[in-house]
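Me: I would like to go through this model and ask, for each label, what stands behind it.

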Amino acid sequence: MTKISTSYVDSRYMGWFINNLWNAFTLAKNKAEIRLLLKDLLTHTEVKMLAKRLQVAKMLLEGYDYLSIKHAVKVTDPTIAKINNLLEEKGEGLRQAVNQLQKLETEIKRKYEPPSFRDKYPQYFALDELLTQLQENMRQRRKNRSAFLESQEITKT
């Protein structure tokens, strides 16, 4: 586990130190520079730990359950719970990072996956798409109507 020195550092100085850290990250020009900086600042284990935490957050935001995350990332339930609590309480930085990663993954997939027949010739599937949308609209209307009727029954009693 990572330990911090027990020697007291004045909070003004510590604020300056932390600000320098943020500046070092934002001043890096590219991924290679950030990788070099992190390799120098963090141990191999710390890099793995941070990578796993980010992956847990990503999977939680994508709707994976604890068991799937536990097996895929090889972390404990308390670690997953800690990240989940963080995301529920605040976690805006993690949300933004995951959102950007998902956008990047989508771009990469688009770039390297050949277009499907459906993507290449969408006009052949227009009727199918229209029918799918109509079916979804009908399902939604039935659901809304059912909820309305249930609320009417409750108010009558």
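Reply: What follows takes buried and exposed residues, a core, a helix pair and a pocket in turn. This is a predicted model, in which local features need pLDDT of at least 70 and side-chain atom pairs count only at pLDDT 80 or more, while totals for chains, interfaces and linings use all residues. Residues are numbered from 1 along each chain as its sequence is written, and side-chain values use heavy atoms, with hydrogens and water left out.

Me: Why does K58 count as buried?

Reply: Buried means under 20% relative accessible area, exposed over 50%, and partly exposed in between, with a 1.4 Å probe and protein chains only. K58 has 7% relative accessibility and therefore counts as buried. This lysine lies in helix α3, and, leaving aside residues up to four places away in sequence, K58 touches V98, Q102 and E105, where contact means heavy atoms within 4.5 Å.

Me: Why does K74 count as exposed?

Reply: The relative accessibility of K74 is 61%, so K74 counts as exposed. K74 is placed in helix α4, and its phi is near 60°, a positive value in a residue other than glycine.

Me: What makes up the largest nonpolar core?

Reply: A nonpolar core is a set of buried Ala, Val, Leu, Ile, Met, Phe, Trp, Tyr and Cys residues joined through side-chain atoms within 4.5 Å. The largest one here has twelve residues, including V56, A57, I83, L87, L94 and V98. Two or more of its residues come from each of α3, α4 (66–74), α5 (77–89) and α6, and α3 gives the most, with four. The helices are DSSP runs (H or I, at least four residues), numbered from the N terminus.

Me: How is the packing of α1 and α2 described?

Reply: Their axes are 9 Å apart and make an angle of about 145°; the axes are lines fitted to C-alpha atoms over the stretch in contact, and angles run from 0 to 180 degrees between N-to-C directions. The contact is made by L21, A24, F25 and L27 of α1 together with E33, I34, L37, L38 and L41 of α2.

Me: What is the volume of the largest pocket, and which residues are closest to its centre?

Reply: A pocket is an open set of points on a 1 Å grid where a 1.4 Å probe fits, with protein on both sides within 12 Å along at least five of seven lines, and lining residues have an atom within 4 Å of a point. The largest pocket holds about 990 Å³ of space, and of its 21 lining residues L38, L50, A51, L54 and A97 are the closest to its centre.

Methods
Grid points are joined across faces, edges and corners, and a volume is the space filled by probe spheres set on the points.
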